[in-house]
Amino acid sequence: MLEVRIKKNVGQFYLDCEFAVGNEVFALLGASGSGKSMTLKCIAGIETPDSGRIVLDGRILFDSEKKINVVPQKRRVGYLFEDYALFPHMTVRQNILSGMGKRPDGKAADEYISRFFLQGLEDAWPHQLSGGQKQRVAMARMLAASPDVLLLDEPFSALDSHLRWEIERQTRAVLEEWRKPTVFVSHSRDEVFRLCERAACICQGKTEETAAVRELFLHPATMTAAVLTGCENIAEAYVLDSSHIAAPAWGITLHVPCAGRTVAAVGIRAHYLKIAGNGENYFPVHTYRILEDAFEWNFSFQTKEDGGWIQWSVSKTDWSPAEGIPEGFRVSQSDILLF
Amino acid sequence: MEIGVQEFIAFWRQLDFAPLWISLKTGIVATAVSFFLGIFAACKIARAPAKLRVVLDALLTLPMVLPPTAAGFFLLLLFSRRRLIGAVLYERFGILAVQTWLGCVLAATVISFPLMYKNAKAAFEQIDKNIVYAARTLGIPEWKIFFKIIFPSAKPGILSGTVLTFARALGEYGATSMLAGNIAGRTGTVSQNIAVALQGGDYAEAGFWACVVLIFALLCIIGINIFGEMSHRFRNKQ
């Protein structure tokens, strides 16, 4: 169990994080520069928070009130860096042995070498390895130091996209076997969805919503969560009556239950729009632009002159512009997100 | 003027090699002192608060930009027996820098130190911070991080800095002539010997020593280039 509650001021930036991680893969989901890496560095002891408390399995790693600040060496925290940070002048075997304590037996690394499919590369230098191999060496080195918590900082972003699937699959297998607290930092919502059980959204240094990943993606409670989980269409909105809201930028009124709550914005995912002629919660197409992706069509439209653009994404197998431009779209009540 | 083998042998026989040994001894001792002080200063300054760092860095680099004669003048002020520090050093500890070999070493060290310090600092700064962080999270003690990770990564830069420092210390003239003077057999270095020989119109001797210095300088530059090549070996991208 890892409990984090920290505050830190870095120039204009204010970090204010709070979350708890059990024996699970926990994601910190945030945009670049939102303070994710800084949070991990505070947990590892590389950076010192101004105030707060970090507790790992009952061990206090940091407590500003009790003036406890355990050095990184004694924290037993495994940190996987974005660039893997392998020691360039050490071989694969030496890298793995480096965290195994005083004078480790050269054979001690063998278990990790075979577990991470590094046979034959024991005596290679890091600069001779591919991106995927480097990632495996970094994982092996981290686990060989027998940490109590794993911190994974964008572990796949340095990889070519065609390698990512395979490395992600291997990483998932390792994490499933390991079953101790793991904090996964990413700005990729898909990685978070596939790898993690729970997630916290972090926006400008502040942790907002913490929820099960599936719940977070289906029913984001905050606008940050909606944006981070990939809600493409967000507009300001206000309540008209107990079952209607208005979204002026889109020039429409939506029928959605909203009794007894305040509404500041409305969100609709691009995949949830359905082609329709007319009806309830109907978005007429006034002007449109089409952008072709590798496997999807991105159709953006306005419902009126100078209105906000709304995006509809559809698989190429389901629709093509040859079928004709839709007159309008509908969205089901259950797919309308209110903030 | 033609020089035959006989004349050259005669010239060689009458040459006094003392300046070479004095210069080499001075260069080696000054480099050794600068090596440790420079690395120490480079390590310490990285951890100093930002404002203090700017001031300290300027002070440590000063001897490199200051005219050596000016540096020599200040050294003379400091270590003269008639001044406070020099007097205390001489009367309490019997240490005298003016007109002694110690003065040669002191002048060469002060002038060459910034080269060691600057090169070591640059070598430390180019190390990927994450490597050091990773080492900490892996539980490697700080002293071991320095000797097993930081130092090997910075080695090419530190080696070329050492060679530059040695070359500079070996050739030091301005500050040495002010502080240590040119006493034959004691403080008369190669550089000073060239100047004196030339003033006396002895082109043969001045030329000989100039060639010796030239060869040393060339060897140093070749050495630096070899270390430069080494530094590419461990780069992540080839």
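Tutor: Helices and strands are here DSSP runs, numbered from the N terminus: a helix is H or I over at least four residues, a strand E over at least two. The model is predicted: local features need pLDDT of at least 70, side-chain atom pairs count only at pLDDT 80 or more, and totals for chains, interfaces and linings use all residues. Residues are numbered from 1 along each chain as its sequence is written, while chains are lettered from A and ligands numbered from 1 in the order in which they are written.

Student: Where is A:N281 found, and what makes its phi notable?

Tutor: A:N281 is in the loop between β17 (274-275) and β18 (282-284) of chain A. Its phi is positive, about 50°, although A:N281 is not a glycine. Most residues other than glycine have a negative phi.

Student: Why is A:N281 called partly exposed?

Tutor: A residue is buried if 20 or more other C-beta atoms, placed from the backbone, lie within 10 Å of its own, exposed if 12 or fewer, and partly exposed in between. A:N281 has 19 other C-beta atoms within 10 Å, and is therefore partly exposed.

Student: Is A:S146 buried or exposed, and how do you know?

Tutor: A:S146 has 12 C-beta neighbours inside 10 Å and therefore counts as exposed. A:S146 lies in the loop between α4 (131-144) and β8 (149-153) of chain A. A:S146, a residue other than glycine, also has a positive phi, near 40°.

Student: What makes β19, β20 and β21 of chain A an open sheet, and which are the edge strands?

Tutor: Two strands pair if DSSP finds at least two bridges between them. Six bridges join β20 (residues 296-302) of chain A to β21(A), so this pair meets the criterion. The order is β19-β20-β21, with antiparallel pairing. The edge strands are β19 (287-292) and β21 (310-315) of chain A, each pairing on one side only. A:F299 has A:W312 in β21(A) as its bridge partner.

Student: How many residues does each chain give to the contact between chains A and B?

Tutor: Two residues are in contact if their C-beta atoms, placed from the backbone, lie within 7 Å. The contact takes 19 residues from chain A and 18 residues from chain B. On the side of chain A that touches chain B, strand β7 (residues 77-80) gives the most, with three residues.

Student: How is chain A divided into domains?

Tutor: Chain A has domain 1 (2-223) and domain 2 (233-338), with bounds from an automatic or database domain assignment. The C-alpha centres of these two domains lie 38 Å apart.
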